[in-house]
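Hi,

Here is the structure I said I would pass on. Have a look at it first, and then read my notes below.

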Amino acid sequence: MIRRNFFKSALALSALNAGGAGQANPAAGAKQAPSAFPQSPGLTKYVAGFIVETQYPDIPENVLELGKKSILDGFGLALAGSVSGMAPLVRKYLQSLGCSGNASIIGTNLKMPPRFAAFANGVSIHADDYDDTQLSLAKDRIYGLLTHPTAPVLPPAFALCEAGGRSGKEFLLAYHLGVEVECKIAEAISPRHYGDGFHTTGTIGAFGSAAACARLHGLTVEQTAYAIGVAATEGGGYRNNFGSMTKPFHAGHAAEAGPVAVDLAALGWTASSAILESPLGFFQAAGGGYDPPFIAGRLGKPWTLERPGVSIKPHPSGSLSHPAAGALLQLIKDNDIKPGDVEQVEVGGNHGMTTSLFHHRPTTSLQAKFSMEFCMAILVLERKAGLSEFTDAVVQRPDVQAMVQRVRFYVDPAAENAGFDKMTSLIKIHLKNGKVFSGKADFAKGSPANPMTYEEVADKFRGCAEFAKWPASKANTVIAAVQSLESAPDTSTLTAALTS
(Lines give C-alpha, C1' and ligand atoms only; values in the text may rest on other atoms or scores of the structure.)
Protein backbone atom coordinates (compact mmCIF):
# COMPACT_ATOMS: atom_id res chain seq x y z
CA MET A 1 0.00 0.00 0.00
CA ILE A 2 0.99 3.67 -0.29
CA ARG A 3 3.52 4.50 2.39
CA ARG A 4 2.88 6.66 5.44
CA ASN A 5 4.78 9.78 4.32
CA PHE A 6 2.65 10.03 1.16
CA PHE A 7 -0.53 9.86 3.24
CA LYS A 8 0.78 12.56 5.59
CA SER A 9 1.57 14.80 2.62
CA ALA A 10 -1.88 14.25 1.12
CA LEU A 11 -3.63 14.91 4.43
CA ALA A 12 -1.65 18.11 4.98
CA LEU A 13 -2.56 19.40 1.53
CA SER A 14 -6.20 18.48 2.03
CA ALA A 15 -6.31 20.27 5.36
CA LEU A 16 -4.62 23.34 3.94
CA ASN A 17 -7.12 23.65 1.12
CA ALA A 18 -10.16 22.68 3.17
CA GLY A 19 -9.43 25.58 5.48
CA GLY A 20 -8.50 28.09 2.79
CA ALA A 21 -10.67 31.14 2.36
CA GLY A 22 -13.15 30.86 -0.45
CA GLN A 23 -12.51 27.16 -1.14
CA ALA A 24 -15.44 24.81 -1.65
CA ASN A 25 -16.11 21.21 -2.54
CA PRO A 26 -14.73 20.79 -6.08
CA ALA A 27 -17.73 18.69 -7.04
CA ALA A 28 -19.77 21.86 -6.72
CA GLY A 29 -17.64 23.52 -9.39
CA ALA A 30 -16.49 26.41 -7.18
CA LYS A 31 -13.89 28.71 -8.71
CA GLN A 32 -10.87 30.22 -6.96
CA ALA A 33 -11.31 33.96 -6.51
CA PRO A 34 -9.08 35.67 -9.06
CA SER A 35 -7.93 38.35 -6.61
CA ALA A 36 -5.25 36.17 -5.01
CA PHE A 37 -3.05 33.43 -6.39
CA PRO A 38 -3.97 30.11 -4.70
CA GLN A 39 -1.58 28.80 -2.09
CA SER A 40 -0.78 25.09 -2.07
CA PRO A 41 2.83 24.72 -0.93
CA GLY A 42 4.36 21.32 -1.59
CA LEU A 43 1.94 20.46 -4.42
CA THR A 44 4.59 19.36 -6.92
CA LYS A 45 6.29 17.21 -4.27
CA TYR A 46 2.89 15.70 -3.39
CA VAL A 47 2.36 14.76 -7.04
CA ALA A 48 5.86 13.29 -7.18
CA GLY A 49 5.18 11.27 -4.03
CA PHE A 50 2.01 9.86 -5.52
CA ILE A 51 3.92 8.75 -8.62
CA VAL A 52 6.75 7.12 -6.68
CA GLU A 53 4.83 5.49 -3.85
CA THR A 54 1.52 4.29 -5.28
CA GLN A 55 1.43 0.52 -5.72
CA TYR A 56 -0.53 -1.66 -8.13
CA PRO A 57 -2.96 -2.93 -5.42
CA ASP A 58 -3.90 0.71 -4.70
CA ILE A 59 -5.74 0.87 -8.03
CA PRO A 60 -9.34 -0.38 -7.70
CA GLU A 61 -10.32 -3.29 -9.91
CA ASN A 62 -13.01 -1.31 -11.73
CA VAL A 63 -10.48 1.42 -12.53
CA LEU A 64 -8.09 -1.16 -13.97
CA GLU A 65 -10.87 -2.48 -16.19
CA LEU A 66 -11.75 1.02 -17.38
CA GLY A 67 -8.10 1.57 -18.18
CA LYS A 68 -7.96 -1.56 -20.31
CA LYS A 69 -10.70 -0.15 -22.54
CA SER A 70 -8.74 3.04 -23.13
CA ILE A 71 -5.50 1.09 -23.70
CA LEU A 72 -7.16 -1.15 -26.29
CA ASP A 73 -8.72 1.89 -27.90
CA GLY A 74 -5.31 3.59 -28.03
CA PHE A 75 -3.62 0.63 -29.67
CA GLY A 76 -6.34 0.49 -32.33
CA LEU A 77 -5.93 4.18 -33.05
CA ALA A 78 -2.16 3.76 -33.32
CA LEU A 79 -2.77 1.16 -36.04
CA ALA A 80 -5.25 3.40 -37.86
CA GLY A 81 -2.91 6.37 -37.51
CA SER A 82 -0.02 4.36 -38.93
CA VAL A 83 -1.67 4.68 -42.36
CA SER A 84 -2.58 8.36 -41.99
CA GLY A 85 -1.00 11.03 -44.14
CA MET A 86 1.23 12.03 -41.23
CA ALA A 87 2.72 8.59 -40.60
CA PRO A 88 5.12 8.39 -43.56
CA LEU A 89 6.34 11.90 -42.79
CA VAL A 90 7.04 10.95 -39.19
CA ARG A 91 8.85 7.77 -40.25
CA LYS A 92 10.90 9.63 -42.86
CA TYR A 93 11.90 12.20 -40.27
CA LEU A 94 12.91 9.60 -37.67
CA GLN A 95 14.85 7.53 -40.19
CA SER A 96 16.75 10.67 -41.20
CA LEU A 97 18.14 10.85 -37.67
CA GLY A 98 20.12 7.69 -38.30
CA CYS A 99 19.39 6.08 -34.94
CA SER A 100 17.94 2.73 -33.94
CA GLY A 101 16.56 1.39 -30.71
CA ASN A 102 14.50 -1.24 -28.95
CA ALA A 103 11.02 0.32 -28.91
CA SER A 104 8.53 -0.38 -31.69
CA ILE A 105 6.63 2.00 -33.91
CA ILE A 106 3.17 0.43 -34.03
CA GLY A 107 2.00 -0.76 -37.44
CA THR A 108 5.55 -1.07 -38.80
CA ASN A 109 8.73 -3.10 -38.35
CA LEU A 110 10.71 -0.05 -37.24
CA LYS A 111 12.35 0.23 -33.84
CA MET A 112 13.61 3.46 -32.33
CA PRO A 113 14.81 4.77 -28.96
CA PRO A 114 11.80 5.01 -26.60
CA ARG A 115 11.48 8.81 -26.91
CA PHE A 116 11.10 8.61 -30.70
CA ALA A 117 8.81 5.56 -30.62
CA ALA A 118 6.65 7.45 -28.13
CA PHE A 119 6.56 10.46 -30.45
CA ALA A 120 5.56 8.42 -33.51
CA ASN A 121 2.91 6.41 -31.69
CA GLY A 122 1.54 9.51 -29.96
CA VAL A 123 1.06 11.21 -33.33
CA SER A 124 -0.63 8.09 -34.70
CA ILE A 125 -3.05 7.75 -31.78
CA HIS A 126 -4.18 11.34 -32.21
CA ALA A 127 -3.96 11.43 -36.01
CA ASP A 128 -7.65 10.73 -36.59
CA ASP A 129 -8.93 12.61 -33.53
CA TYR A 130 -10.63 9.39 -32.48
CA ASP A 131 -8.98 9.00 -29.06
CA ASP A 132 -10.50 9.18 -25.58
CA THR A 133 -11.32 12.46 -23.84
CA GLN A 134 -11.32 13.52 -20.20
CA LEU A 135 -14.56 14.73 -18.69
CA SER A 136 -14.95 17.47 -16.09
CA LEU A 137 -16.35 17.87 -12.62
CA ALA A 138 -17.01 21.60 -12.86
CA LYS A 139 -19.54 23.47 -15.00
CA ASP A 140 -16.98 26.07 -16.04
CA ARG A 141 -14.68 23.45 -17.57
CA ILE A 142 -15.69 22.53 -21.10
CA TYR A 143 -16.85 18.92 -21.21
CA GLY A 144 -14.52 16.62 -23.10
CA LEU A 145 -11.95 19.34 -23.71
CA LEU A 146 -9.72 19.03 -20.67
CA THR A 147 -7.29 16.61 -22.33
CA HIS A 148 -6.98 13.45 -24.40
CA PRO A 149 -5.49 11.34 -21.62
CA THR A 150 -4.27 8.20 -23.40
CA ALA A 151 -2.38 9.61 -26.40
CA PRO A 152 0.47 11.21 -24.36
CA VAL A 153 0.73 8.40 -21.77
CA LEU A 154 0.25 5.04 -23.50
CA PRO A 155 3.09 5.45 -26.05
CA PRO A 156 5.93 6.18 -23.58
CA ALA A 157 4.68 3.56 -21.11
CA PHE A 158 4.53 0.95 -23.88
CA ALA A 159 7.95 1.96 -25.23
CA LEU A 160 9.72 1.74 -21.88
CA CYS A 161 8.00 -1.52 -20.97
CA GLU A 162 8.99 -3.10 -24.27
CA ALA A 163 12.56 -1.83 -24.03
CA GLY A 164 12.91 -2.89 -20.40
CA GLY A 165 11.04 -6.19 -20.48
CA ARG A 166 8.57 -4.96 -17.88
CA SER A 167 5.49 -6.89 -16.79
CA GLY A 168 1.86 -6.23 -17.62
CA LYS A 169 1.21 -5.03 -14.07
CA GLU A 170 4.07 -2.54 -14.30
CA PHE A 171 2.67 -1.34 -17.62
CA LEU A 172 -0.81 -0.90 -16.15
CA LEU A 173 0.50 0.91 -13.07
CA ALA A 174 2.58 3.35 -15.11
CA TYR A 175 -0.31 4.03 -17.48
CA HIS A 176 -2.77 4.71 -14.65
CA LEU A 177 -0.36 6.97 -12.78
CA GLY A 178 0.25 8.98 -15.93
CA VAL A 179 -3.42 9.36 -16.77
CA GLU A 180 -4.35 10.28 -13.20
CA VAL A 181 -1.68 12.98 -12.88
CA GLU A 182 -2.46 14.39 -16.32
CA CYS A 183 -6.21 14.52 -15.68
CA LYS A 184 -6.01 16.05 -12.21
CA ILE A 185 -3.69 18.81 -13.44
CA ALA A 186 -6.04 19.46 -16.37
CA GLU A 187 -9.02 19.64 -14.00
CA ALA A 188 -7.24 22.02 -11.63
CA ILE A 189 -5.89 24.63 -14.03
CA SER A 190 -8.05 27.68 -14.68
CA PRO A 191 -10.41 27.31 -17.68
CA ARG A 192 -8.55 30.26 -19.17
CA HIS A 193 -5.81 27.84 -20.19
CA TYR A 194 -7.96 26.18 -22.84
CA GLY A 195 -10.15 29.19 -23.46
CA ASP A 196 -7.23 31.39 -24.45
CA GLY A 197 -5.89 28.90 -26.95
CA PHE A 198 -3.73 26.25 -25.28
CA HIS A 199 -4.26 22.63 -26.35
CA THR A 200 -4.12 20.73 -23.09
CA THR A 201 -3.18 17.41 -24.68
CA GLY A 202 0.10 19.05 -25.67
CA THR A 203 0.67 21.18 -22.60
CA ILE A 204 -0.62 18.94 -19.79
CA GLY A 205 -0.11 15.62 -21.56
CA ALA A 206 3.62 16.12 -20.97
CA PHE A 207 3.03 15.72 -17.22
CA GLY A 208 1.23 12.41 -17.78
CA SER A 209 4.08 11.13 -19.91
CA ALA A 210 6.64 12.17 -17.30
CA ALA A 211 4.65 10.51 -14.51
CA ALA A 212 4.48 7.16 -16.31
CA CYS A 213 8.16 7.27 -17.25
CA ALA A 214 9.33 8.36 -13.78
CA ARG A 215 7.64 5.34 -12.24
CA LEU A 216 9.09 2.92 -14.78
CA HIS A 217 12.56 4.47 -14.40
CA GLY A 218 12.44 4.16 -10.60
CA LEU A 219 13.16 7.82 -9.85
CA THR A 220 13.16 9.18 -6.31
CA VAL A 221 10.59 11.74 -5.21
CA GLU A 222 13.11 14.54 -5.67
CA GLN A 223 14.10 13.34 -9.13
CA THR A 224 10.46 12.96 -10.09
CA ALA A 225 9.74 16.53 -9.01
CA TYR A 226 12.60 17.67 -11.23
CA ALA A 227 11.23 15.60 -14.11
CA ILE A 228 7.87 17.31 -13.64
CA GLY A 229 9.69 20.65 -13.84
CA VAL A 230 11.36 19.67 -17.11
CA ALA A 231 8.09 18.33 -18.54
CA ALA A 232 6.36 21.62 -17.73
CA THR A 233 8.92 23.37 -19.89
CA GLU A 234 8.60 20.85 -22.74
CA GLY A 235 4.81 20.88 -23.08
CA GLY A 236 3.16 23.04 -25.72
CA GLY A 237 0.33 23.32 -28.22
CA TYR A 238 -2.14 25.88 -29.53
CA ARG A 239 -5.73 25.40 -30.65
CA ASN A 240 -5.27 27.44 -33.79
CA ASN A 241 -3.51 24.34 -35.15
CA PHE A 242 -6.75 22.32 -34.94
CA GLY A 243 -7.54 20.95 -38.38
CA SER A 244 -3.86 20.57 -39.32
CA MET A 245 -1.13 17.96 -38.89
CA THR A 246 0.25 19.90 -35.95
CA LYS A 247 -2.64 19.00 -33.65
CA PRO A 248 -1.52 15.33 -33.60
CA PHE A 249 2.06 16.60 -33.27
CA HIS A 250 1.00 18.07 -29.91
CA ALA A 251 0.15 14.60 -28.62
CA GLY A 252 3.32 13.05 -30.02
CA HIS A 253 5.53 15.77 -28.59
CA ALA A 254 3.85 15.40 -25.17
CA ALA A 255 4.43 11.63 -25.32
CA GLU A 256 8.10 12.22 -26.13
CA ALA A 257 8.49 14.76 -23.33
CA GLY A 258 8.33 12.16 -20.55
CA PRO A 259 11.26 10.00 -21.64
CA VAL A 260 13.39 13.12 -22.18
CA ALA A 261 12.50 14.67 -18.81
CA VAL A 262 13.04 11.45 -16.90
CA ASP A 263 16.30 10.55 -18.64
CA LEU A 264 17.66 13.98 -17.76
CA ALA A 265 16.45 13.82 -14.14
CA ALA A 266 18.03 10.38 -13.72
CA LEU A 267 21.37 11.82 -14.85
CA GLY A 268 21.21 14.59 -12.24
CA TRP A 269 19.43 17.35 -14.16
CA THR A 270 17.62 19.78 -11.91
CA ALA A 271 14.53 21.92 -12.26
CA SER A 272 12.12 23.74 -10.00
CA SER A 273 10.64 21.36 -7.45
CA ALA A 274 7.58 23.62 -7.14
CA ILE A 275 6.81 24.16 -10.81
CA LEU A 276 3.06 23.59 -10.50
CA GLU A 277 2.20 25.84 -7.56
CA SER A 278 4.83 28.59 -7.82
CA PRO A 279 3.55 32.10 -8.68
CA LEU A 280 6.05 31.97 -11.56
CA GLY A 281 5.24 28.37 -12.42
CA PHE A 282 2.94 26.40 -14.68
CA PHE A 283 -0.53 27.06 -13.25
CA GLN A 284 -0.03 30.82 -13.11
CA ALA A 285 1.88 31.28 -16.37
CA ALA A 286 -0.29 28.94 -18.45
CA GLY A 287 -3.66 29.47 -16.82
CA GLY A 288 -3.61 32.53 -14.63
CA GLY A 289 -4.41 30.37 -11.61
CA TYR A 290 -5.83 27.03 -10.54
CA ASP A 291 -8.22 25.41 -8.06
CA PRO A 292 -6.18 23.49 -5.44
CA PRO A 293 -9.15 21.36 -4.28
CA PHE A 294 -9.22 19.64 -7.65
CA ILE A 295 -5.73 18.19 -7.15
CA ALA A 296 -4.31 18.72 -3.66
CA GLY A 297 -4.85 15.52 -1.67
CA ARG A 298 -7.10 14.15 -4.42
CA LEU A 299 -4.85 12.02 -6.62
CA GLY A 300 -6.54 8.63 -6.69
CA LYS A 301 -9.39 9.99 -4.54
CA PRO A 302 -11.25 9.10 -6.68
CA TRP A 303 -9.34 8.01 -9.76
CA THR A 304 -10.43 10.15 -12.69
CA LEU A 305 -11.21 7.10 -14.82
CA GLU A 306 -13.86 6.24 -12.21
CA ARG A 307 -15.22 9.75 -11.64
CA PRO A 308 -16.02 11.83 -13.57
CA GLY A 309 -14.70 9.38 -16.15
CA VAL A 310 -13.27 9.31 -19.63
CA SER A 311 -15.24 9.16 -22.85
CA ILE A 312 -14.30 6.79 -25.68
CA LYS A 313 -15.18 8.33 -29.03
CA PRO A 314 -17.77 6.82 -31.40
CA HIS A 315 -16.59 8.97 -34.35
CA PRO A 316 -13.17 10.24 -35.54
CA SER A 317 -13.95 13.91 -34.97
CA GLY A 318 -14.03 16.54 -32.24
CA SER A 319 -15.88 15.11 -29.24
CA LEU A 320 -18.22 18.09 -29.04
CA SER A 321 -19.89 16.94 -32.26
CA HIS A 322 -20.78 13.49 -30.93
CA PRO A 323 -24.01 14.06 -28.95
CA ALA A 324 -25.44 15.94 -31.93
CA ALA A 325 -24.30 13.15 -34.26
CA GLY A 326 -26.04 10.51 -32.15
CA ALA A 327 -29.26 12.52 -31.90
CA LEU A 328 -29.31 13.32 -35.63
CA LEU A 329 -28.65 9.72 -36.67
CA GLN A 330 -31.45 8.50 -34.42
CA LEU A 331 -33.90 10.96 -35.98
CA ILE A 332 -32.82 9.94 -39.47
CA LYS A 333 -33.29 6.24 -38.76
CA ASP A 334 -36.53 6.59 -36.79
CA ASN A 335 -38.17 8.66 -39.51
CA ASP A 336 -36.39 7.15 -42.54
CA ILE A 337 -35.24 10.59 -43.68
CA LYS A 338 -33.62 10.61 -47.14
CA PRO A 339 -30.94 13.14 -48.14
CA GLY A 340 -33.19 14.62 -50.81
CA ASP A 341 -35.88 15.33 -48.21
CA VAL A 342 -33.71 17.69 -46.16
CA GLU A 343 -34.07 21.44 -46.48
CA GLN A 344 -31.95 22.39 -43.45
CA VAL A 345 -30.40 20.94 -40.30
CA GLU A 346 -30.07 23.21 -37.27
CA VAL A 347 -27.68 22.40 -34.42
CA GLY A 348 -27.70 24.52 -31.28
CA GLY A 349 -24.89 24.23 -28.76
CA ASN A 350 -22.92 26.26 -26.23
CA HIS A 351 -20.23 28.71 -27.25
CA GLY A 352 -17.50 26.29 -26.20
CA MET A 353 -18.71 24.02 -28.97
CA THR A 354 -18.86 26.71 -31.65
CA THR A 355 -15.37 28.00 -30.85
CA SER A 356 -13.87 24.50 -31.02
CA LEU A 357 -15.74 23.21 -34.07
CA PHE A 358 -14.77 26.27 -36.07
CA HIS A 359 -14.25 24.92 -39.60
CA HIS A 360 -17.66 25.81 -40.99
CA ARG A 361 -16.80 25.16 -44.64
CA PRO A 362 -14.16 22.41 -44.52
CA THR A 363 -12.25 21.30 -47.61
CA THR A 364 -9.92 18.71 -46.03
CA SER A 365 -10.43 15.70 -43.78
CA LEU A 366 -8.48 17.35 -40.96
CA GLN A 367 -10.73 20.42 -41.08
CA ALA A 368 -13.82 18.20 -41.26
CA LYS A 369 -12.96 16.71 -37.87
CA PHE A 370 -13.62 20.16 -36.39
CA SER A 371 -16.71 20.95 -38.41
CA MET A 372 -20.16 20.36 -36.96
CA GLU A 373 -21.52 21.12 -40.41
CA PHE A 374 -19.59 18.28 -42.03
CA CYS A 375 -20.40 15.81 -39.26
CA MET A 376 -24.12 16.47 -39.72
CA ALA A 377 -23.93 16.52 -43.52
CA ILE A 378 -22.16 13.18 -43.83
CA LEU A 379 -24.66 11.50 -41.51
CA VAL A 380 -27.56 12.81 -43.59
CA LEU A 381 -25.92 11.47 -46.75
CA GLU A 382 -24.34 8.21 -45.55
CA ARG A 383 -25.90 7.42 -42.15
CA LYS A 384 -22.37 6.79 -40.85
CA ALA A 385 -19.30 8.82 -39.92
CA GLY A 386 -16.30 6.56 -39.54
CA LEU A 387 -12.68 6.58 -40.65
CA SER A 388 -13.63 5.99 -44.29
CA GLU A 389 -15.86 9.07 -44.32
CA PHE A 390 -13.17 11.43 -43.02
CA THR A 391 -11.04 11.59 -46.16
CA ASP A 392 -10.22 14.51 -48.43
CA ALA A 393 -12.04 12.84 -51.31
CA VAL A 394 -15.27 12.47 -49.34
CA VAL A 395 -15.12 15.97 -47.86
CA GLN A 396 -14.66 17.48 -51.31
CA ARG A 397 -17.54 15.60 -52.96
CA PRO A 398 -20.04 18.06 -54.49
CA ASP A 399 -23.01 16.48 -52.69
CA VAL A 400 -21.18 16.74 -49.35
CA GLN A 401 -20.26 20.37 -49.91
CA ALA A 402 -23.86 21.13 -50.90
CA MET A 403 -25.23 19.45 -47.75
CA VAL A 404 -22.70 21.29 -45.57
CA GLN A 405 -24.32 24.51 -46.82
CA ARG A 406 -27.66 23.29 -45.45
CA VAL A 407 -26.41 22.97 -41.85
CA ARG A 408 -26.79 25.88 -39.45
CA PHE A 409 -24.63 25.67 -36.32
CA TYR A 410 -25.29 28.33 -33.69
CA VAL A 411 -25.14 29.16 -29.97
CA ASP A 412 -28.45 28.30 -28.35
CA PRO A 413 -29.28 29.94 -24.98
CA ALA A 414 -30.73 26.69 -23.64
CA ALA A 415 -27.52 24.81 -24.42
CA GLU A 416 -25.41 27.64 -23.03
CA ASN A 417 -27.36 27.67 -19.76
CA ALA A 418 -27.06 23.89 -19.38
CA GLY A 419 -23.37 24.32 -18.45
CA PHE A 420 -20.10 23.35 -20.05
CA ASP A 421 -19.85 20.09 -18.10
CA LYS A 422 -22.09 18.53 -20.76
CA MET A 423 -22.47 18.88 -24.51
CA THR A 424 -26.12 19.81 -24.81
CA SER A 425 -27.02 19.67 -28.50
CA LEU A 426 -30.41 20.72 -29.87
CA ILE A 427 -31.28 19.30 -33.27
CA LYS A 428 -33.93 20.30 -35.79
CA ILE A 429 -34.29 18.68 -39.19
CA HIS A 430 -36.40 20.79 -41.55
CA LEU A 431 -37.79 18.79 -44.47
CA LYS A 432 -38.78 20.23 -47.83
CA ASN A 433 -42.41 19.22 -47.20
CA GLY A 434 -42.55 21.47 -44.12
CA LYS A 435 -42.17 18.77 -41.47
CA VAL A 436 -39.73 19.37 -38.63
CA PHE A 437 -38.14 16.68 -36.46
CA SER A 438 -36.47 17.70 -33.20
CA GLY A 439 -34.04 15.98 -30.87
CA LYS A 440 -31.71 16.68 -27.98
CA ALA A 441 -28.67 15.02 -26.44
CA ASP A 442 -26.29 15.89 -23.60
CA PHE A 443 -23.90 12.96 -23.94
CA ALA A 444 -22.70 10.59 -26.63
CA LYS A 445 -22.21 6.85 -26.82
CA GLY A 446 -18.91 6.04 -25.13
CA SER A 447 -19.38 8.57 -22.33
CA PRO A 448 -19.74 7.37 -18.72
CA ALA A 449 -23.45 8.17 -19.05
CA ASN A 450 -23.68 5.72 -21.97
CA PRO A 451 -20.47 3.67 -21.81
CA MET A 452 -19.05 1.22 -24.28
CA THR A 453 -18.47 -2.32 -23.05
CA TYR A 454 -15.09 -3.96 -23.57
CA GLU A 455 -16.55 -5.87 -26.50
CA GLU A 456 -17.87 -2.65 -28.05
CA VAL A 457 -14.41 -1.10 -27.72
CA ALA A 458 -13.03 -4.30 -29.26
CA ASP A 459 -15.37 -3.79 -32.23
CA LYS A 460 -14.02 -0.25 -32.62
CA PHE A 461 -10.48 -1.68 -32.39
CA ARG A 462 -11.28 -4.21 -35.12
CA GLY A 463 -12.56 -1.39 -37.32
CA CYS A 464 -9.33 0.55 -36.83
CA ALA A 465 -7.24 -2.55 -37.55
CA GLU A 466 -9.25 -3.28 -40.69
CA PHE A 467 -8.81 0.33 -41.83
CA ALA A 468 -5.04 -0.21 -41.48
CA LYS A 469 -5.35 -3.54 -43.34
CA TRP A 470 -3.98 -5.29 -40.26
CA PRO A 471 -4.31 -9.10 -40.04
CA ALA A 472 -7.44 -10.15 -38.14
CA SER A 473 -5.48 -12.80 -36.25
CA LYS A 474 -3.10 -10.19 -34.88
CA ALA A 475 -6.01 -7.88 -34.00
CA ASN A 476 -7.70 -10.63 -32.00
CA THR A 477 -4.41 -11.34 -30.21
CA VAL A 478 -4.21 -7.71 -29.07
CA ILE A 479 -7.81 -7.76 -27.81
CA ALA A 480 -7.14 -10.87 -25.71
CA ALA A 481 -3.73 -9.66 -24.50
CA VAL A 482 -5.04 -6.33 -23.21
CA GLN A 483 -7.93 -8.03 -21.42
CA SER A 484 -5.48 -10.19 -19.43
CA LEU A 485 -2.65 -7.68 -19.28
CA GLU A 486 -2.15 -7.98 -15.52
CA SER A 487 -0.99 -11.59 -15.92
CA ALA A 488 1.52 -10.92 -18.71
CA PRO A 489 5.19 -11.39 -17.75
CA ASP A 490 6.15 -8.80 -20.38
CA THR A 491 4.73 -6.97 -23.39
CA SER A 492 6.23 -9.26 -26.07
CA THR A 493 2.85 -10.71 -27.11
CA LEU A 494 1.44 -7.21 -27.63
CA THR A 495 4.56 -6.05 -29.44
CA ALA A 496 4.47 -8.96 -31.88
CA ALA A 497 0.78 -8.42 -32.62
CA LEU A 498 1.15 -4.67 -33.13
CA THR A 499 4.18 -4.75 -35.44
CA SER A 500 4.90 -6.19 -38.85
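Q367 sits in helix α16, which covers residues 365–368. Leaving aside residues up to four places away in sequence, Q367 is in contact with G243, H359, R361 and P362. From Q367 to F390 the C-alpha to C-alpha distance is 9.5 Å, with their positions 23 residues apart in sequence. Please keep in mind throughout that this is a predicted model.

Next, the nonpolar cores. The largest one has 98 residues, and F75, F207 and L494 have the most contacts inside it. Helix α7 supplies the largest share of this core, 12 residues. A second core, separate from that one, has 38 residues, among them V347, V380, V404 and M423. If you would like a residue to start from in the largest core, try L494: not counting residues up to four places away in sequence, L494 touches F75, F158, F171, V478, A481, V482 and L485.

Two of those partners bring us to the aromatic rings. A search of the whole structure gave 11 aromatic pairs. One of them is F75 with F158, an edge-to-face pair with 5.1 Å between centres and 70 degrees between the planes. F75 belongs to helix α3 (residues 61–81) and F158 to helix α6 (residues 150–164), so this pair ties together parts that lie 83 residues apart in sequence. Are these two rings buried or exposed? F75 has a relative accessibility of 1%, and F158 has a relative accessible area of 2%; buried means under 20%, so both count as buried.

F207 and F282 also form an edge-to-face pair, at 4.9 Å centre to centre and with 75 degrees between the planes. This pair links distant parts of the chain, since F207 is in helix α10 (residues 205–217) and F282 is in helix α13 (residues 282–287), 75 residues apart. Both F207 and F282 are buried. Ring pairs also join F207, F282, F283 and Y290 into a cluster.

Now for the empty space inside. The search found eight cavities of 30 Å³ or more. The second largest has a volume of about 70 Å³, and its lining is made up of Q134, L137, C183, K184, E187, F294, R298, P302, T304, R307 and P308. By type, these lining residues are five nonpolar, two polar and four charged. Helix α7 (residues 168–188) gives the most to this lining, with three residues.

Two prolines from that lining deserve a look in the backbone too. P302 is joined to K301 by a cis peptide bond, with omega about -5 degrees. P308 is joined to R307 by a cis peptide bond as well, with omega about 5 degrees. P302 is in the loop between α13 and β4 (310–311), and P308 is found in the loop between α13 and β4 too.

Finally, two positive phi values in residues that are not glycine. R383 has phi near 60 degrees and is in the loop between α17 (372–382) and α18 (392–395). Its relative accessibility is 31%, so R383 counts as partly exposed. K469 has a phi of about 55 degrees and lies in the loop between α21 (454–467) and α22 (472–483). With a relative accessible area of 73%, K469 is exposed.

Happy browsing, and do write back with any questions.

Best wishes

Note on methods. Residues are numbered from 1 along each chain as its sequence is written. This is a predicted model: local features need pLDDT of at least 70, side-chain atom pairs count only at pLDDT 80 or more; totals for chains, interfaces and linings use all residues. Side-chain values use heavy atoms; hydrogens and water are left out. On a 1 Å grid over the protein atoms alone, a cavity is a set of points where a 1.4 Å probe fits but cannot get out, and a pocket is an open set with protein on both sides within 12 Å along at least five of seven lines; lining residues have an atom within 4 Å of a point. Grid points are joined across faces, edges and corners, and a volume is the space filled by probe spheres set on the points. Helices (H or I, at least four residues) and strands (E, at least two) are DSSP runs, numbered from the N terminus. Ala, Val, Leu, Ile, Met, Phe, Trp, Tyr, Cys and Pro count as nonpolar, Asp, Glu, Lys and Arg as charged, and the others, Gly among them, as polar. A nonpolar core is a set of buried Ala, Val, Leu, Ile, Met, Phe, Trp, Tyr and Cys residues joined through side-chain atoms within 4.5 Å. Buried means under 20% relative accessible area, exposed over 50%, partly exposed in between (1.4 Å probe, protein chains only). Contact means heavy atoms within 4.5 Å. Rings of Phe, Tyr and Trp (its six-membered ring) pair if their centres lie within 6.5 Å; planes under 30 degrees apart count as stacked, over 60 as edge-to-face and the rest as tilted.
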